[in-house]
Amino acid sequence: MTTVTFTGSDLRSFLDGLPGVDRVGAEARAGMLATRSIKTTAKQWALDLAISVVDLTTLEGQDTPGKIRALCAKAKRPDPADPTAPTVAAICVYPDLVHVAAAELQGTGIHVASVATAFPSGRSSLEIKLADVREAIAAGADEVDMVIDRGAFLAGDYQLVFDEIVAVRDTCGDAAHLKVILETGELATLDNVRRASWLAMLAGADFIKTSTGKVSPAATLPVTLVMLEAVRDFRESHGRQVGVKAAGGIRTAKDAIRYLVLVNETAGEDWLDPDWFRIGASSLLNDLLMQRTKLVTGRYSGPDYFTMDA
Ligand SMILES: O=C[C@H](O)COP(=O)(O)O
């Protein structure tokens, strides 16, 4: 892990020196890539890939151990009638339910991700945020999805945001991968999305993630395009590959495939892998499974055929 040490004005001048994003160009390119069609053979491959990059998520106040167990069963065997359907990448839950997911998924290779650091607002002391992270890891999480302090970021206190990410990264150690949620729906501009992406990577993020799913707009193609450019350029300049997670509001197979095309055309095929790209979603998996069944058998199974998404 190479974490770059910055002091005050260095970090600010680096982030402020990043080239501005051509918003019109980014939206046009994302829109153009969204119209790409995929042929049948590639479509089955894309649907399987999409299933394999899902972080199957439930982040509701009404979550229960029973719901987590049901979700884990679905993660392990998404299509009860077809053992060839791939498993998802991870289950994503709140820290107090991590122990349930960890027990259910032990030995499966499916990761246990937990949101932490006072998700989704991030409005707590650093001490409490780190305790949240420690609790999740002690319970068995091997991935931590932290939120940045958007208030500090928007006030221009980049150093505080940077230092918090470094502290969380240190707390994760080798036990957990760190995904840093930028909450792009609150960052106001694509220039800020680019700055926040670089800030998170410089501070040691293993992944940068668009959104909590609790703020609108959540993931969008133009925002994800900017983040994919950032990870591509960061690997070029710093020699370390960082993953991207698009999360929030992605509900159809068609949308998921648009994101995969965007990944391929922006960061490149090295990122077309669950180790480097994820889709965080609570209600996408069933549509992926339905479209997959349609391709394999020529007919749809209704959504009732599959167990409910989160
Ligand atoms: O990280 C994942 C998101 O919280 C899920 O959002 P969603 O419920 O809109 O799919």
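1. How far apart should the ends of helix α4 (residues 65–76) be, at 1.5 Å a residue? For its 12 residues the expected span is 16 Å, and the C-alpha atoms at the two ends are 17 Å apart, which agrees. You can try this check yourself on the structure above. Please keep in mind as you read on that this is a predicted model.

2. Stay with α4 for a moment and look at which of its residues are buried. These are I68, L71, C72, K74 and A75. Seen down the axis of the helix, they fall within an arc of 160°, so they line one face of α4. What lies over them? The cover includes the strands β1 (54–57) and β2 (90–93), together with the helix α5 (98–105).

3. Now step back to the whole chain. Its secondary structure comes to 12 helices and eight strands. The radius of gyration is 19 Å, close to the 19 Å that the globule rule gives for 310 residues, so the chain is as compact as a globular protein of that length. Along the principal axes, its C-alpha atoms fill a box of roughly 60 × 45 × 30 Å.

4. Two further numbers describe how the chain is packed. Of its 310 residues, 51% count as buried. Among the contacts with a separation of 6 or more, 75% are between residues 24 or more positions apart.

5. Next, the ligand. Which residues are the closest to it? They are G213, A247, G280, A281 and S282, out of 13 residues that surround the ligand. By type, this shell divides into five nonpolar and eight polar residues, with no charged ones.

6. A few backbone details deserve a friendly nudge, and a general point helps here. Most peptide bonds are trans, and most residues other than glycine have a negative phi. With that in mind, look at the bond from F119 to P120: it is cis, with omega near 0°. P120 sits in the loop between β3 (111–116) and α6 (126–138). The bond from S216 to P217 is also cis, with omega near -5°. For P217, the place to look is the loop between β6 (207–209) and α10 (221–238).

7. Two residues have a positive phi without being glycine: A118, with phi near 60°, and E183, with phi of about 50°. Find A118 in the loop between β3 and α6, and E183 in the loop between β5 (177–181) and α9 (190–202). Is each of them buried or partly exposed? A118 has 18 C-beta neighbours inside 10 Å and therefore counts as partly exposed. E183 has 24 such neighbours inside 10 Å, so it counts as buried. The cut-off behind this reasoning is that a residue is buried if 20 or more other C-beta atoms lie within 10 Å of its own.

8. Finally, visit T35, in the loop between α2 (23–34) and α3 (40–52). T35 is exposed, with 8 other C-beta atoms within 10 Å. How far is T35 from F119, the residue whose bond to P120 is cis? Their C-alpha atoms are separated by 34 Å, and the two residues are 84 residues apart along the chain.

Methods:
Residues are numbered from 1 along each chain as its sequence is written. This is a predicted model: local features need pLDDT of at least 70, side-chain atom pairs count only at pLDDT 80 or more; totals for chains, interfaces and linings use all residues. A residue is near a molecule or strand if its C-beta atom, placed from the backbone, lies within 6 Å of it. Ala, Val, Leu, Ile, Met, Phe, Trp, Tyr, Cys and Pro count as nonpolar, Asp, Glu, Lys and Arg as charged, and the others, Gly among them, as polar. Helices (H or I, at least four residues) and strands (E, at least two) are DSSP runs, numbered from the N terminus. The expected span of a helix is 1.5 Å times one less than its number of residues. A residue is buried if 20 or more other C-beta atoms lie within 10 Å of its own, exposed if 12 or fewer, and partly exposed in between; C-beta atoms are placed from the backbone. The arc is that of the directions from the helix axis to the C-beta atoms. Two residues are in contact if their C-beta atoms, placed from the backbone, lie within 7 Å. The radius of gyration is taken over C-alpha atoms; the globule rule is 2.2 Å times the number of residues to the power 0.38.
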